[in-house]
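When you read a description of a protein model, it helps to ask what stands behind each word. Please look through the structure below with that habit in mind.

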Amino acid sequence: VDGLFIIGWMYLPPHDPHVDDPMRFKPLFRIHLMERKCATVECMYGHKGPHNGHIQIVKKDEFSTKCNQTDHHRMSGGRQEEFRTWLREEWGRTLEDIFHEHMQELILMKFIYTSQYDNCLTYRRIYLPPSSPDDLIKPGLFKGTYGSHGLEIVMLSFHGKKAKGTKITGDPNIPAGQQTVEIDLAHPLQLPDIENLRDFSELSRIVLEVQEQVRREEQEQQQRQEEEDHSQHAASQPAASPLGGEGAEGEEVAAGAEGTTQDKAAASQPFVLPMGVISRNEDYPRSCRICFYGTGLIAGHGFTSPERTPGVFVLFDDDRFGFIWLELKSFSLYSRIKVSFQNAEAPSREAFDEMLKNIQSLAT
């Protein structure tokens, strides 16, 4: 809310691969409250200034916008000029700067996919994860490098002995809403010394050993659960919770949380990427606090044949972490999103919902 305007801004990550740079903003729509019983909706997309648009409530926590004059989005030079302009704004470079054929293909796919909507979009509220004093770091939104896909937004959340990174923005391989990484906080990794860490095969050996350990533990837990279910079904009276039941699980979570708290105070250790691991950003921290075993989601174009593959979660500090994708020999660096709006006052959720309803009836 800014004076007599309600403005919808698009959050844009910084240009790849500069994850520590601030977010960029681009206005998408504007609602002008001109008089007591009059409101106009304007589309801000394109380079010809504000033009006629429409907004409507879809359902709770969801609304949509539509541009009524999409010709304002077109450029005199046609699609080629539109693509080159989009490339400069989205990637901060020209087509001549991009030599990698696969990257050219992915960028063109993204342009075709996003430009077809012509700012006729649906918006859904994002609920940020709750925070606990026992969390490894504060949960929230992070910018992350994803190879030729550029920078994407991930939401980090904590769930007992697990941490999850959920994609807020997606790509042709892994769409938004999917769990891109999962961190097993019950299985910290002891990295080798800095010289041996440069050897990819040594890191791979350590990770695969932990992967096998996790697989055995999951099998044993499943077997215990089946035995408990069978015993409870056979018993005429409810039995006390056996070892490994609800009470024991609560103790395990508490123990994991305690260990996490202790890890926060652990001294940092030197860190370097193994030889052969590709990183878009070579300016990653050279020391880390702690590492954990984790899995990352990979898939073909169109989210085909998705599978979870082993990797290493690397915690650098309160605002940065990384993930080594073992199978891809690739490294993603994540940096916390820190956003503050200037000359704007954010309304409460209830007030914003009420405003949208009033505006919809006025605009109609």
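The questions and answers that follow take descriptive words one at a time and set each against its cut-off.

Q: What kind of model is this, and how many helices and strands are there in the chain?
A: This is a predicted model, and its chain holds six helices and 17 strands. Of the 364 residues in the chain, 39% are buried.

Q: Why are α1 and α2 called roughly perpendicular to each other?
A: Helix α1, residues 78–91, and helix α2, residues 101–115, pack at an angle of about 105°, and their axes are 11 Å apart. Angles from 65 to 115 degrees count as roughly perpendicular, and α1 and α2 are therefore described in that way.

Q: Which residues of α1 and α2 meet, and what are they by class?
A: On the side of α1 the residues are R79, E82, F83, W86, L87, E90 and W91, and they meet M103, I107, L108, K110, F111, T114 and S115 of α2. Sorted by class, this contact has eight nonpolar, two polar and four charged residues.

Q: Which residues of α1 are buried, and what do they pack against?
A: The buried residues of α1 are E82, F83, T85, W86, L87 and W91, and the buried residues of this helix pack against α2. Just after the helix comes G92, whose phi is positive, near 70°.

Q: How do you know that the reach of α1 is close to the expected one?
A: Helix α1 has 14 residues, and from its first C-alpha to its last it reaches 20 Å, which is close to the 20 Å expected at 1.5 Å a residue. The same test can be put to helix α4, residues 200–234, where 35 residues reach 51 Å, close to the 51 Å expected at 1.5 Å a residue.

Q: Which residues of α4 are buried, and what covers them?
A: In α4 the buried residues are F200, L203, S204, I206, V207, V210, V214 and E228. Their cover includes the strands β10 (179–189), β14 (290–300), β15 and β16 (320–325), together with helix α3 (194–197).

Q: How do you know that C67 and C291 are in no disulfide?
A: A disulfide is a covalent bond between the sulfur atoms of two cysteines, and here a pair counts when the two sulfur atoms lie within 2.5 Å. For C67 the nearest cysteine sulfur, that of C43, is 3.8 Å away, and C67 is in no disulfide. For C291 the nearest cysteine sulfur is that of C288, 4.0 Å away, and C291 is likewise in no disulfide. The structure as a whole holds zero disulfides.

Q: Why is C67 called buried?
A: Buried means under 20% relative accessible area, and C67, with a relative accessible area of 5%, is therefore buried. C291 is buried too, with a relative accessible area of 0%.

Q: Is D118 buried or exposed, and what is notable about the sign of its phi?
A: D118 lies in the loop between α2 and β6 (121–124), and because its relative accessible area is 15%, D118 counts as buried. Its phi is near 50°, a positive value in a residue other than glycine.

Q: What makes S305 count as exposed?
A: Exposed means over 50% relative accessible area, and S305, at 65% relative accessibility, therefore counts as exposed. S305 lies in strand β15, residues 304–317, and its phi is near 50°, a positive value in a residue other than glycine.

Q: Why is T65 called buried, and what is it in contact with?
A: T65 is found in strand β5, residues 62–67, and it counts as buried because its relative accessible area is 6%. Leaving aside neighbours within four places in sequence, T65 is in contact with F29, H54, I55, N119, C120, L121 and Y123.

Q: How far apart are G8 and L28 in sequence and in space?
A: G8 and L28 are 20 residues apart in sequence, whereas in space they are 5.6 Å apart, C-alpha to C-alpha. G8 lies in strand β1, and because its relative accessible area is 8%, G8 counts as buried. Leaving aside neighbours within four places in sequence, G8 is in contact with K26, P27, L28 and F29.

Terms used
Residues are numbered from 1 along each chain as its sequence is written. This is a predicted model: local features need pLDDT of at least 70, side-chain atom pairs count only at pLDDT 80 or more; totals for chains, interfaces and linings use all residues. Side-chain values use heavy atoms; hydrogens and water are left out. Axes are lines fitted to C-alpha atoms, for helices over the stretch in contact, and angles run from 0 to 180 degrees between N-to-C directions. Helices (H or I, at least four residues) and strands (E, at least two) are DSSP runs, numbered from the N terminus. Angles under 35 degrees count as roughly parallel, over 145 as roughly antiparallel, 65 to 115 as roughly perpendicular and the rest as oblique. Contact means heavy atoms within 4.5 Å. Ala, Val, Leu, Ile, Met, Phe, Trp, Tyr, Cys and Pro count as nonpolar, Asp, Glu, Lys and Arg as charged, and the others, Gly among them, as polar. Buried means under 20% relative accessible area, exposed over 50%, partly exposed in between (1.4 Å probe, protein chains only). The expected span of a helix is 1.5 Å times one less than its number of residues.
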